[in-house]
Amino acid sequence: MSDGENIIQGRSPAPEAAPPLLSPVDNARSWNHRYIASIASLAALWGLAYDYILPGSQWLTYDGLGIARDSHLGASVEFFFYDTAKILLLLTALIYGVAWIRASMNVERVRDYLAGKGRGLGYFLGALFGAVTPFCSCSSVPLFIGFTTARIPIGVTMSFLITSPLINEIAVVLLWGLLGWKFTVIYVAVGMSAGMIGGVFMDGIKAGRWLRPFLLEVLGKTPAYQHVSESGEVKKLTARQRHAFAYGETATIFKRVWIWVIIGVGIGAALHGFIPDNWFAENLGAGEWWSVPAAVFVAIPLYSNVTGIIPIMQSLLVKGLPIGTTMAFCMSAVVASLPEVMMLRQIMTIKLQASFILYLWIILTLVGWLFNLAGPYIV
């Protein structure tokens, strides 16, 4: 009998059978499938966006805004669009990824290993990881934040932060082709050494106490979703728990630094397009002792990546700038910048930033003086 006939005859229709309830395991499996599909889609969109940053920046600058190509203003505006988009994309992806891994990582065991007998190895590994990651000074900041919140010792993270902008595989190929194998080997050795010595220095002055309070809070407790058994083993977490922790970390850090990324890159872009390399060759090429610290002082506020600075390095050497002064200037322009300083200001106090800049100034000045003396035997 149909439902209509039941109603006409005064009888209620038979209730429909309730759908079977999903078990907690089935619910978790369903959520995991949706999560994996979402992450895969977002990763594809992220990769597509990253690939189109450069052509998008060029189109927006020269076609959208109508700025003349090969102009100083065009170079600065294109640089601003490109680096802002690149750093914000890296910030989001890297912080989320590091936090996702950290959610169920035994941070105490990692910290104790790197802080104990493995400390020397930690400096080397930090510098080595920096050397194989193709990041500029600003793009290294997201990973630096992730390592710090994962309780990696400050000296090890500083080794990474110093070395990462200085060395990558593209730079090695360019240096080898333009300036020869001897200069390339020396450059890589100097970059790695500067990172490791910087790590020792930062741990020696206990630089971790000069991090911002919100980071010190993170360092003072385990992640909200981390569960450690009495034996020290970290209990396995669900993908949903990891995602909740990673999403919260990413949102918190992004809200703190995004505006400073834009301001910092804006300042760097203003400097990027308007300072010619001829000025440095003309004013710092005399080989006087003071020219090296002056070159470092002038270069640190500038903003370039190692791939872009190598042709300038060759140009300065051809124009007669001493090798040590050239190396100190170019390494300074790569390893630190005003945009980086402004971003780090959100996670470092003035004391830590001052110590970081002072160390770079001293170590790169010493590098410049040393290679001015050894120059005839290198190139």
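Why is helix 7 largely enclosed by the rest of the structure? Let's take that one straight away. This is a predicted model. Helix 7 covers residues 140-149, and 10 of its 10 residues are buried, so the rest of the structure largely encloses it. Buried here means under 20% relative accessible area. Here is the roll call: S140, V141, P142, L143, F144, I145, G146, F147, T148 and T149. After helix 7 comes R151. The phi of R151 is positive, near 70°.

Now the whole chain. The protein has 18 helices and 0 strands. It has 379 residues, and 45% of them count as buried. On to contacts. Take those with a separation of 6 or more: 81% of them join residues 24 or more positions apart. The exposed surface comes to about 18,900 Å². Carbon and sulfur atoms supply 68% of that area.

Next, a pocket. Rolling a probe the size of a water molecule over the atoms shows where empty space is left. The second largest pocket holds about 460 Å³ of space. Its lining has 15 residues, and I39, L42, T92, A93 and Y96 are the closest to the centre.

Which helices each supply at least two residues of that lining? Helix 2 (24-51), helix 4 (72-102) and helix 12 (239-272) do. Helix 2 gives the most, with 6 residues.

Last point, the chemistry of that lining. By class, the second largest pocket is lined by 10 nonpolar and 5 polar residues. Charged residues are absent from the lining.

Definitions and conventions
Residues are numbered from 1 along each chain as its sequence is written. This is a predicted model: local features need pLDDT of at least 70, side-chain atom pairs count only at pLDDT 80 or more; totals for chains, interfaces and linings use all residues. Side-chain values use heavy atoms; hydrogens and water are left out. Helices (H or I, at least four residues) and strands (E, at least two) are DSSP runs, numbered from the N terminus. Buried means under 20% relative accessible area, exposed over 50%, partly exposed in between (1.4 Å probe, protein chains only). Contact means heavy atoms within 4.5 Å. Accessible areas come from the Shrake-Rupley method with a 1.4 Å probe; for residues, only the protein chains shown count as cover. On a 1 Å grid over the protein atoms alone, a cavity is a set of points where a 1.4 Å probe fits but cannot get out, and a pocket is an open set with protein on both sides within 12 Å along at least five of seven lines; lining residues have an atom within 4 Å of a point. Grid points are joined across faces, edges and corners, and a volume is the space filled by probe spheres set on the points. Ala, Val, Leu, Ile, Met, Phe, Trp, Tyr, Cys and Pro count as nonpolar, Asp, Glu, Lys and Arg as charged, and the others, Gly among them, as polar.
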